[in-house]
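Hi,

Here is the structure I promised to pass on to you. Have a look at it first, and then read on for my notes on what turned up.

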Amino acid sequence: MNRRNLLAGLAASVALPAFARAPARSPFPHANPRLVAAPVDISALPIRRPAGGLSEFLARANLSGETGVVALDAETGEVIEEHRGNLLLPPASTAKAVTAMYAVQALGLEYRFVTRVLIGRGQIEDGTLRGDLVLKGGGDPVLQTADLAALADALIAQGLRRVEGRFLVDGTALPTITHIDRTQPVEAGYNPSLSGINLNFNRVHFGWDVQGGRASVMMDARSNREVPEVSVIDMQAVSRNLPVYTHDFSGARERWTVAGSALRRAGSRWLPVRRPQAYAGDVLRVLLQARGCRLPEAEVTRSAQGGAVIAEHRSPPLTTILRGMLRYSTNLTAECVGLAASTSGGQRLRALAPSARMMNQWAARAHGARGVDFLDHSGLGAGSRISTQAMAQFMLSARREGILPDLLREHPMRDAQGQQIRNHPVEVLAKTGTINFVSALTGYAQPRGGRPIVFSIISADLSRRRAPGETSLEQPAGTRAWTRRARVLQQDLIERWTQLQG
């Protein structure tokens, strides 16, 4: 189905009142925002050496709130420098570095999530399945519409043209959780649900077109090749200014509304899905129907019986998934791999917090990182806490296993204008963490010709995070400037520590 056909079938429209700023576009999961100016080559220049002691560095950063820092010699564990290393602060997405290793130890580097289609009962005769067809998830966090399309092709290739029984969706491989963090804005695509079957990072594509002062809206699960419409999630544009979005449930359907005043010009964004099994089942059904197979609407089940596997999709190996998670900071991936690790021994969990406690205990037992108090695996929940001392200890121990540095992405060093510096004399492999008024960086720094460094830096202004009305905004006023100062401090500290290491 192409975009023209999709638009032709739209019926929902609303006359637009005074225009407000259009909803922000949310594309395929992306890396943390980075400046894209041309890199500067300073390979012949020495490391920049900021003057003054650590207290002067922190004062010059002009950051409200509190900052904890720890730098260690990566080979000996000796403390290079520390400031309030025992202070408990939110880890933000640096928590994903811990989650990555937790998943590796429980699942193995080559682990693959498997999504299967089974015949629950009956058999295919003359193209007709006189029994149940079952879509059974395996917890795959990176399953895409294109993968379901491949499953549909496999079923058609086996002659399936009609299902007379039920079409069941089984997502019990992982617990179903409707939000990672309930304090986030309702439209935040980085805060979806999760379950044993997840599609498109449990996000649905919302697009709108504007012609003659009227907006047409659409919901789909697009891939590079196909644009299947979604029938279990509705969107209605209504005549109002605020709130921009609302979401609720109506029977088996999810219902969104969007303020017509926000739809000034054509655009799109990805919105979170709250019923992932129904979403995935709906999309597979549309894909099969487009290929000439008739089947009933999907039913979510918790008791699908085993049967013959007639098609399956295997995810990339865990190492590939974790590199993507650490690069793009994908929250759903972190929660799925963390839950998969916790339940790999047969434990039954219903929430993120018990799984996070298991990971906290493992971090203390296996890596000596004591006092870790994560509430989830992604770091999205601002109630999670860790000290920079504990994080640095974890990173030091993990480095000795030789796995985590290979999973982390290179962290670019920048000049005073924010331009990336090519061939900088310090190579940094790190994980960033950013939520409103929290900025963290943890990883490894290797000066050219010098000794390697393990570091952890967390800055947080918790009072501004808790300010009335701030938690309901995706980006409260002042967040960008505060985060920019925090990142300048992080780079200054890394360059300072390489100087102290000689």
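**A cis proline and two positive phi values**

P243 sits in the loop that runs between β14 (233-238) and β15 (245-250). The peptide bond that joins L242 to P243 is cis, with omega at about -5°. Please keep in mind that this is a predicted model.

Two residues other than glycine have a positive phi. For N62 the angle is near 55°, and for D126 it is near 50°. Both lie in loops: N62 between α2 (54-61) and β3 (66-73), and D126 between β7 (124-125) and β8 (128-129). Are they buried or exposed? N62 has a relative accessible area of 55%, over the 50% cut-off, so N62 is exposed. D126 reaches 83% relative accessibility and therefore counts as exposed too.

**The chain as a whole**

Now for the wider view. The chain contains twelve helices and 25 strands. It has 502 residues, and 55% of them count as buried. Among contacts with a separation of 6 or more, 71% are between residues 24 or more positions apart. The exposed area comes to about 21,400 Å², and carbon and sulfur atoms supply 48% of that.

**Helix α3 and its surroundings**

Helix α3 covers residues 95-107. What span should its 13 residues have, at 1.5 Å a residue? The expected value is 18 Å, and the end C-alpha atoms are 18 Å apart, so the two agree.

The helix is mostly covered, with eleven of the 13 residues buried. Among them are K96, T99, M101 and Y102, along with A97, V98 and L107. The packing partners of these buried residues are α6 (318-328), α7 (331-343), α8 (352-367), α9 (388-401), α10 (404-407) and β23 (426-435). Just after the helix comes G108, where phi is positive at about 95°.

One of those partners, α9, holds A398. With 0% relative accessibility, under the 20% cut-off, A398 counts as buried, and that is why I list it here. A398 and A97 are 301 residues apart in sequence, yet their C-alpha atoms are 9.5 Å apart in space. Setting aside neighbours within four places in sequence, A398 is in contact with M101, H367, I403, L404 and Y444. M101 is itself one of the buried residues of α3.

**H247 in strand β15**

H247 belongs to strand β15, the strand that follows the loop with P243. Its relative accessible area is 19%, under the 20% cut-off, so H247 is buried. How far is the C-alpha atom of H247 from that of T257, ten residues away along the chain? The separation is 6.6 Å.

Beyond its neighbours within four places in sequence, H247 is in contact with V186, E254, R255, W256 and R274. With E254 there is also a polar contact, side chain to side chain, at 2.8 Å.

**Two buried aspartates without a salt bridge**

You may want to look at these two side by side. D147 is in helix α4 (residues 145-157), while D461 is in the loop between β25 (453-460) and α11 (462-465).

D147 is buried and has no salt bridge; R112, the nearest side chain of opposite charge, is 11 Å away. Not counting residues up to four places away in sequence, D147 touches V142 and H313.

D461 is likewise buried with no salt bridge, and here the nearest side chain of opposite charge is R464, at 4.2 Å. A salt bridge has to be within 4 Å, so the R464 pair does not qualify. The D461 side chain does make a polar contact with the side chain of S463, at 2.8 Å. Apart from neighbours within four places in sequence, D461 is in contact with S64, G65, F437 and W482.

That is the set of notes I have for you. Happy browsing!

Best wishes

Methods. Residues are numbered from 1 along each chain as its sequence is written. This is a predicted model: local features need pLDDT of at least 70, side-chain atom pairs count only at pLDDT 80 or more; totals for chains, interfaces and linings use all residues. Side-chain values use heavy atoms; hydrogens and water are left out. Helices (H or I, at least four residues) and strands (E, at least two) are DSSP runs, numbered from the N terminus. Buried means under 20% relative accessible area, exposed over 50%, partly exposed in between (1.4 Å probe, protein chains only). Lys and Arg count as positive and Asp and Glu as negative; His and the chain ends are not counted. A polar contact is a pair of N or O atoms within 3.5 Å; within protein, one must be able to donate a hydrogen and the other to accept it, and residues adjacent in sequence count only if both atoms are side-chain atoms. Contact means heavy atoms within 4.5 Å. The expected span of a helix is 1.5 Å times one less than its number of residues. Accessible areas come from the Shrake-Rupley method with a 1.4 Å probe; for residues, only the protein chains shown count as cover.
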